[in-house]
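I opened my notebook to jot down a few things about how this chain packs together. Here is the structure I had on screen.

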Amino acid sequence: MTALLHRLAAIVGDVHLLPGEEAEDFAHDATFMEHRPLAVVRPADTDQVAAVVKACAEAAIPVVARGQGTSLVGGPVPLGGGVVVSLDRLDHLEIDVSNTVAVAGAGVVTGQLDQAANRHGLMYPPDPASVEMCSIGGNVACNSGGLRCVKYGVTADYVMGLTVVLADGRVLRLGGRLRKRSSGYRLIQLFVGSEGTLGVVTEVIVKLVPLPRHRAAAMVTFASVEDAAQAVSRVLASGHLPAAIELMDRVTLRLVRAKLPEGFDPEVEAVLLVEQDGNDEEFVQAELLRMVELLGGVEDRVAQSSLERERLWEARREFGKVLMAIPHRFFPEDVAVPIGSIPEMVRRVRRLERDTGLEICIVGHAGDGNLHPTILFREEQRHLVGPTAARIFQDAIELGGTISAEHGLGALKRDYAEAEHGPLALGLMRDLKRLLDPQGILNPHKVLPEQPADETFLERLPGWVPADGRGRRMEAGL
Ligand SMILES: Cc1cc2nc3c(=O)[nH]c(=O)nc-3n(C[C@H](O)[C@H](O)[C@H](O)COP(=O)(O)OP(=O)(O)OC[C@H]3O[C@@H](n4cnc5c(N)ncnc54)[C@H](O)[C@@H]3O)c2cc1C
């Protein structure tokens, strides 16, 4: 091990190597999961990343790529120990206006990429609620979504080129600054959403789109979450495409009440935040009003200024911050169902809430059918969290949905992958993993199931306490 650490220090420089005992900040992500690495390295460029991965491959030591550690599924937590490769120093950024692309080091913070594009009248649309913290490399690794994705699509829709360090240290360059290509398999998409298990992304080329000159937003209230969910389906089915349409229920509103617009009653059952954008101010406003009418809520508040519009969105963004302030007391889900099934999914979550006595916030990117039912729990309810989350997964799958629309599987959800994809697809995924990473050193214990879901999944939820080397099993069921 000492020989490996010396070799790594020679590659990145002593000051950019952190031994495991000083690596507390790199041992966890935004969940409760935690495991210390052997060491953390902070390489400066692709060549250094390649040399680090090659050294680890020769020593058969795990390599865990890390962006900003905002994962909600234990993705960058080095569960197999090994070397964490922090990409934060790969922060070069070029806005190539003539080709309307951005070329970014994997460590560039996504919000900064978008702001740099904005200065040229361009925009990078995928905007996770964590946009001010997370990295573009992490977004590619998770195929992240966000608030604007209903109209603009997710990260995968924007990636045009990638530089990837493979498991043996070879450097693979894919795609480029061009918009179309139909020559062979789309290898880029294999790495998008692979959560650091197939390669380490060091540079990304993403498509940019024109920055809309005008935006208009409104908050519409509803007598029930089901009514709000039905309203979303109605608007989308009627030929209108909002720039964003976000759902927040009563529990969520209570959590973010400090940021709600003045005079707004947080005791309503649900709200939809709807936004339209475009270049023609009158058209944008008219479209918004038409959508508000179609939504048919109890009350609505249309923002009268950009300041007021910002204020409406602040309330939605506040949700993530409130959760971060109560770590270990919440468990966020990330399911998506076909848009027409949102009302039924909401009904099932509400039923589960009644059956368990747990509080479950329903918040999410409703226009994508992507809900984040977030379980809030007290210490004595901890044992109910795992089984409740598992039921939410089952419900989403039964309705033709997914257990993860944008956060990825990481460690927390990996054991449910087969329930969603079936054995044939999962077998192919395992074959691809073996082909690209025969030693299994890239981000081990993530994405692919290791145990049947009903045996180990629950151990990985918040009640899990390492005790006997394997962790104790949660006992209570529903
Ligand atoms: C408050 C809050 C709100 C959030 N809202 C959203 C949201 O709206 N939409 C959404 O999609 N997500 C959301 N997330 C989840 C999270 O921000 C995203 O998954 C994000 O893409 C993670 O980026 P990161 O840089 O923090 O990556 P990390 O957390 O460091 O890593 C995430 C995964 O990607 C891998 N990885 C990171 N960088 C690389 C790389 N360069 N090459 C290969 N693999 C890599 C890691 O190994 C890990 O498996 C939210 C998180 C928080 C805390």
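The entries below go through a helix pair, two pieces of sheet and one loop residue.

**Entry 1: the model.** I reminded myself before anything else that this is a predicted model.

**Entry 2: α7 and α9.** I looked up how helix α7 (residues 225–237) sits against helix α9 (residues 281–295). Their axes come within 9 Å and cross at roughly 135°. I therefore noted α7 as oblique to α9, and I put the crossing of the two down as right-handed. Next I wanted the residues at the contact. From α7 I listed Ala231, Val232, Arg234 and Val235, which meet Met291, Leu294 and Leu295 of α9. Sorted by class, this contact has six nonpolar residues, one charged residue and no polar ones.

**Entry 3: strand β4.** Which faces of strand β4 (residues 83–86) are covered? I found both to be: Val83 and Val85 are buried on one side, and Val84 and Ser86 are buried on the other. That fits the textbook picture, in which side chains of a regular strand alternate between the two faces of the sheet. I then checked the partners of β4. Strand β2 (residues 39–41) pairs with β4 in the parallel sense over three bridges, and alanine 39 has valine 83 as its bridge partner in β4. Strand β3 (residues 63–66) also runs parallel to β4, joined by four bridges. Here valine 63 has valine 83 as its bridge partner.

**Entry 4: the β16-β21-β18 sheet.** I traced three strands in an open sheet, in the order β16-β21-β18, with antiparallel pairing. Why is one side of β16 (330–332) and of β18 (359–361) left without a neighbour in the sheet? Both stand at the edges, and each has a single partner strand, so one side of each stays unpaired there. Neighbouring strands of this sheet are turned by 20° against each other on average, ignoring direction. For the pairing of β16 with strand β21 (residues 374–376) I counted three bridges, antiparallel, and one of the partner pairs is proline 332 with threonine 374 of β21. Helix α12 (residues 382–398) packs on the sheet and touches β16, β18 and β21. The direction of α12 makes about 160° with that of β21.

**Entry 5: threonine 197.** My last stop was the loop between α6 (187–191) and β10 (200–207), where threonine 197 is found. Is threonine 197 buried or exposed? Its relative accessible area is 7%, so I wrote down buried. Leaving aside residues up to four places away in sequence, threonine 197 touches Lys433, Asp437, Leu442, Asn443, Lys446 and Val447.

Conventions
Residues numbered from 1 in each chain as written. Predicted model: local features only at pLDDT ≥ 70, side-chain atom pairs only at ≥ 80, totals over all residues. Heavy atoms only, no water. Axes fitted to C-alpha atoms, helices over the stretch in contact; angles between N-to-C directions. Parallel < 35°, antiparallel > 145°, perpendicular 65-115°, else oblique. Left-handed = near helix turned anticlockwise from the far one by under 90°. Contact = heavy atoms within 4.5 Å. Nonpolar A, V, L, I, M, F, W, Y, C, P; charged D, E, K, R; others polar. Buried < 20%, exposed > 50% of the residue type's maximum accessible area, 1.4 Å probe, protein only. Pairing = 2+ DSSP bridges.
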